[in-house]
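Ready for a few exercises on reading a protein model? Have a go at each task yourself, then check the worked solution below it.

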Amino acid sequence: MQKILIVAHASPYGSEKMFNTLRIAIALKEFAATEAELKLFLMSDAVFSAVKGQSTPDLSYNLQQMLEILTAQNVPLLLCKTCAEARGVTQEMLVDGAAIGTLGDLTRWTLEADKVMHI
């Protein structure tokens, strides 16, 4: 089984980068020829993507819903502790299945991964 780590840095709605990152993640889980172990680590402004209660009336997508699809498929989702704290994001604000992680977590996941994508 391939182990894939996606490290996302993009702000949630400033561009389509985060949307496309999550589209790729969902596709990896749904369409891979062989099962892939996927992990997702959010850094920088990407941590805002995991805040629950998003309202996106003018967009055709909702990042919270996309993250909920991934966590329902048992994809581990961690947020950079330093990045989250700098932006006032706390564990209580996060969607179910998301957690605050550390640089140590990211380092361990990176060393365990067969492929790492930075987006």
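**Exercise 1.** Is Asp105 buried or exposed?

*Solution.* Keep in mind that you're looking at a predicted model.
- Step 1: look up the value. The relative accessible area of Asp105 is 19%.
- Step 2: compare it with the cut-off. Buried means under 20%, so Asp105 is buried.

**Exercise 2.** Find the residue that meets Asp105 in a salt bridge, and work out how the two are placed in helix 4.

*Solution.*
- Step 1: look at the side chains. Asp105 and Arg108 meet in a salt bridge, at 3.2 Å from N to O.
- Step 2: check the spacing. The two are 3 residues apart in helix 4, so about one helical turn separates them.
- Step 3: check the partner's surroundings. Arg108 has a relative accessible area of 40%, so this residue is partly exposed.

**Exercise 3.** Follow the salt bridges onward and say which residues join into one network.

*Solution.*
- Step 1: start from Arg108 again. Glu112 also forms a salt bridge with Arg108, with the closest N and O atoms 3.9 Å apart.
- Step 2: place them. Both sit in helix 4, 4 residues apart, which is about one turn of the helix.
- Step 3: put the network together. Salt bridges with shared partners join Glu112, Arg108, Asp105, Lys39 and Glu37.
- Step 4: pick out one more link. Glu37 and Lys39 meet through their side chains in a salt bridge of 3.7 Å, N to O.
- Step 5: compare that pair with the cut-offs. Lys39 has 13% relative accessibility, so Lys39 counts as buried, while Glu37, at 28%, counts as partly exposed.

For the full tally, a search of the whole structure turns up 5 salt bridges.

**Exercise 4.** Which residues line the largest cavity, and what kinds of residue are they?

*Solution.*
- Step 1: count cavities. There is 1 cavity of 30 Å³ or more, and the largest cavity has a volume of about 60 Å³.
- Step 2: list the lining. You should find Lys3, Ile4, Leu5, Glu37, Lys39, Trp109, Glu112 and Ala113.
- Step 3: group them by element. Strand 1 (2-8), strand 2 (36-42) and helix 4 (103-112) each give two or more residues, and strand 1 has the largest share, with 3.
- Step 4: sort them by type. The lining has 4 nonpolar residues, 4 charged ones and no polar ones.

**Exercise 5.** How many aromatic pairs does the structure have, and why is the pair of Phe19 and Tyr61 classed as it is?

*Solution.*
- Step 1: count. The whole structure has 3 aromatic pairs.
- Step 2: use the geometry. The ring centres of Phe19 and Tyr61 are 4.0 Å apart and the planes are at 20 degrees, so this pair is stacked.
- Step 3: locate the partners. Phe19 is in helix 1 (residues 17-31) and Tyr61 is in the loop between strand 2 and helix 2, so the pair ties together parts 42 residues apart in sequence.
- Step 4: try another pair. Phe41 and Trp109 are edge-to-face, with 6.2 Å from centre to centre and 85 degrees between the planes.
- Step 5: locate these two. Phe41 is in strand 2 and Trp109 in helix 4, 68 residues apart.
- Step 6: check burial. Trp109 is buried at 6% relative accessible area, and Phe41 counts as buried at 1%.

Key
Residues are numbered from 1 along each chain as its sequence is written. This is a predicted model: local features need pLDDT of at least 70, side-chain atom pairs count only at pLDDT 80 or more; totals for chains, interfaces and linings use all residues. Side-chain values use heavy atoms; hydrogens and water are left out. On a 1 Å grid over the protein atoms alone, a cavity is a set of points where a 1.4 Å probe fits but cannot get out, and a pocket is an open set with protein on both sides within 12 Å along at least five of seven lines; lining residues have an atom within 4 Å of a point. Grid points are joined across faces, edges and corners, and a volume is the space filled by probe spheres set on the points. Ala, Val, Leu, Ile, Met, Phe, Trp, Tyr, Cys and Pro count as nonpolar, Asp, Glu, Lys and Arg as charged, and the others, Gly among them, as polar. A salt bridge is a side-chain nitrogen of Lys or Arg within 4 Å of a carboxyl oxygen of Asp or Glu. Buried means under 20% relative accessible area, exposed over 50%, partly exposed in between (1.4 Å probe, protein chains only). Rings of Phe, Tyr and Trp (its six-membered ring) pair if their centres lie within 6.5 Å; planes under 30 degrees apart count as stacked, over 60 as edge-to-face and the rest as tilted.
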